[in-house]
Amino acid sequence: MSTTLIYTNGFNSAVDIDGELPSDKARYFRDQAVASGWQFQAHNAFYYRVPEMHEALAGLVRKLNEASGRPLLMGSSMGGLLALLALAEGDRFDAQAVLINPLLVHESGLLEDSLGQSLTNYVTGTRHWVDPAVGTELVTWLERVPSLLAGFGDRVTVLLDQGDEVLTSAATAELCEPWCELHEYPGGSHRFEHWPEAWAAIADH
């Protein structure tokens, strides 16, 4: 069966700019997918306002439902949370998700330095004001995570760099281990550094 890898991004980032993938990590996973005979789709997700969050999720669900072959969602950081939500809300029982250093656990100070601020997107270079309501909506999303992992965790692979300097990998591992296929790698960073090891785990699906 063919597979369509649908790759989405985390907070204040992007995957695709006019058909190009500026991220070397995104290009790596795209190239591995294509070399394996898979299809690849990029999904830009923006989280600066609550309506954008809703559209990011709805758009990912649409791509999931419309994918040819087996859909495999991949997202890092907040994109991992988005992928988990889309997996649960989609209509494809053959779909799976790979979450890379995902934001699944509420931590104190989360987005504290961004809410109510104007940020420059790391990838697009555009300026965006972050509505403080984003923080409230994010908490609502995170409150759904335990039940989603219990219900859909058998279709989820979680990849963690233990050296993640933004999110506490140990807390994420503790939450996910009873439900998901979990791979932890020593060192690394929130950006995630263990690409070949991750692809070996992904390619088995």
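## A buried tyrosine

In this predicted model, Tyr48 has a relative accessibility of 2%, and Tyr48 therefore counts as buried, a term that applies under 20%. Phe46 and Tyr48 form an aromatic pair with centres 6.3 Å apart and an angle of 20° between the planes, an arrangement described as stacked. Phe46 itself has a relative accessible area of 25%, so this residue is partly exposed rather than buried.

## A pair across the chain

The structure holds 8 aromatic pairs. In one of them, the ring centres of Phe11 and Tyr48 lie 6.0 Å apart and the ring planes stand at 55°, so the pair is classed as tilted, being neither under 30 degrees, as stacking requires, nor over 60, as an edge-to-face pair would be. This pair links distant parts of the chain, since its two members are 37 residues apart: Phe11 belongs to the loop between strand 1 (3-8) and helix 1 (24-35), whereas Tyr48 belongs to the loop between strand 2 (39-43) and helix 2 (50-66). Phe11, with a relative accessible area of 16%, is also buried, as Tyr48 is at 2%.

## Other aromatic contacts

Aromatic residues also gather in one cluster, which is formed by Tyr7, Tyr28, Phe29, Phe40 and Trp195.

A contact of another kind involves a charge and a ring: the charged end of Arg70 sits over the ring of Trp38, at 5.8 Å from the centre of that ring.

Methods: Residues are numbered from 1 along each chain as its sequence is written. This is a predicted model: local features need pLDDT of at least 70, side-chain atom pairs count only at pLDDT 80 or more; totals for chains, interfaces and linings use all residues. Side-chain values use heavy atoms; hydrogens and water are left out. Rings of Phe, Tyr and Trp (its six-membered ring) pair if their centres lie within 6.5 Å; planes under 30 degrees apart count as stacked, over 60 as edge-to-face and the rest as tilted. Helices (H or I, at least four residues) and strands (E, at least two) are DSSP runs, numbered from the N terminus. Buried means under 20% relative accessible area, exposed over 50%, partly exposed in between (1.4 Å probe, protein chains only). A charge sits over a ring if NZ of Lys or CZ of Arg is within 6 Å of the ring centre and within 35 degrees of the ring normal.
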